[in-house]
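The exercises below are meant to be worked through with the sequence and the three-dimensional structure side by side. Try each task on your own before reading the solution that follows.

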Amino acid sequence: MNGSINKIETFGLLDGPGIRTVIFLNGCNLRCKFCHNPETWLLKEKNYTPQDILKICIKNKPYFKRNNGGVTFSGGEPLLQYDFLLETCKLLKKQNIHITLDTSGIGINDDYQELLKYIDLVLLDIKAINKEDFINITNKDYFDKYINFIKQLNISNKPIWIRQVIIPDVNDNLEYINNLSNFIKNNINNVNKIDFLPYHTLGHNKYVNLNINEPYLNKEAMDKEKCDELLKQFNNIYNK
């Protein structure tokens, strides 16, 4: 069994607790307007086995132990390579390695309980909080799949870190963060952390090099200070 891996980063600090080896899998069913990794959209050559991933991660295991680090599967969308991901997680868990899944929840399955048994933490991306906006921002009608994945997470009882990209003139307003707070409270259990990520333009050259139309070509990056202020306002609302 082989998987299609775009890149592997060691010593990642932003994709879960501690120092992490981050495995970026190819393939994504969404076409988010704010995507900065268009090079991961398509499934390419299958270039790694689960055993290959295990060997790489074991080399970094001493660093994991020092600060509660581990392995993060990101993408693209890792759930699209479900069988490969499941087999790799089984091998890693035998070595007692902490596993984080960074996902939009849009995969090929309806039931994810077998996989989630091996996952220690889920980084859940929120694209939108209703079907109309979800279709608009992702160009795909997969909102029902997203809600199903959230239900699967709730069944699994796994800890969740929420990630919300804040985009100028799209969701950088008080109305949205009020609605976001209600959405999370009413739908998602076991939320341990909520991050607002400011939209950035660092993926621009990737679109140019890949000759792909960039939906937000003329949109400016989100001001980080405003993003941080929105997060403070959100926390005040959410923690009431």
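**Exercise 1. Find how many salt bridges the whole structure holds, and describe the one that aspartate 120 forms.**

Step 1. The structure is a predicted model, and a search through the whole of it finds 10 salt bridges.

Step 2. Aspartate 120 has lysine 93 as its partner, with 2.5 Å between the closest N and O atoms; since a salt bridge requires such a nitrogen to lie within 4 Å of a carboxyl oxygen, the pair qualifies.

Step 3. Next, place the two residues along the chain: aspartate 120 sits in the loop between helix H3 (113-116) and strand E5 (121-126), whereas lysine 93 belongs to helix H2 (residues 82-94), so that distant parts of the chain, 27 residues apart, are linked.

Step 4. Finally, look at accessibility, where aspartate 120 has a relative value of 27% and counts as partly exposed, and lysine 93, with 24%, is partly exposed as well.

**Exercise 2. Which parts of the chain does the salt bridge between aspartate 172 and lysine 226 tie together, and is aspartate 172 buried or exposed?**

Step 1. The side chains of aspartate 172 and lysine 226 meet in a salt bridge with an N to O distance of 3.0 Å.

Step 2. Because aspartate 172 lies in the loop between strand E6 (160-166) and helix H6 (174-187), while lysine 226 lies in helix H8 (residues 224-238), the bridge ties together parts that are 54 residues apart in sequence.

Step 3. The limit for a buried residue is under 20% relative accessible area, so aspartate 172, at 12%, counts as buried, while lysine 226, at 39%, is partly exposed.

Step 4. Salt bridges can also join into a network, as they do for Asp15, Asp102 and Arg163.

**Exercise 3. Work out in what order the strands of the open sheet are arranged, and which strands stand at its edges.**

Step 1. The open sheet has seven strands in the order E1-E2-E3-E4-E5-E6-E7, and their pairing is mixed.

Step 2. At the edges stand strand E1 (5-12) and strand E7 (191-198), and because each has a single partner strand, one side of each is left without a neighbour in the sheet.

Step 3. Neighbouring strands of this sheet are turned against each other by 20° on average, if direction is ignored.

Step 4. For one pair in detail, take strand E4 (residues 99-103) and E5, which pair in the parallel sense over four bridges; here threonine 100 has leucine 121 of E5 as its bridge partner.

Step 5. Helix H1 (residues 50-67) lies across E1, strand E2 (20-25) and strand E3 (70-74), and runs at about 155° to E2.

**Exercise 4. Explain why the buried residues of H8 line one face of the helix.**

Step 1. H8 has 15 residues and reaches 20 Å from its first C-alpha to its last, close to the expected 21 Å.

Step 2. The residues of H8 that are buried are Cys227, Leu230, Leu231, Phe234, Ile237 and Tyr238.

Step 3. Seen down the axis of H8, these buried residues fall within an arc of 120°, and therefore they line one face. The general background is that an α-helix has 3.6 residues a turn, so residues three or four places apart point the same way.

Step 4. On the face of H8 turned away from the buried side are the exposed residues Glu225, Lys232 and Asn236, while the elements covering the buried residues include E6, H6 and E7.

Terms used: Residues numbered from 1 in each chain as written. Predicted model: local features only at pLDDT ≥ 70, side-chain atom pairs only at ≥ 80, totals over all residues. Heavy atoms only, no water. Buried < 20%, exposed > 50% of the residue type's maximum accessible area, 1.4 Å probe, protein only. Pairing = 2+ DSSP bridges. Axes fitted to C-alpha atoms, helices over the stretch in contact; angles between N-to-C directions. Contact = heavy atoms within 4.5 Å. Expected span 1.5 Å × (residues − 1). Arc of directions from axis to C-beta.
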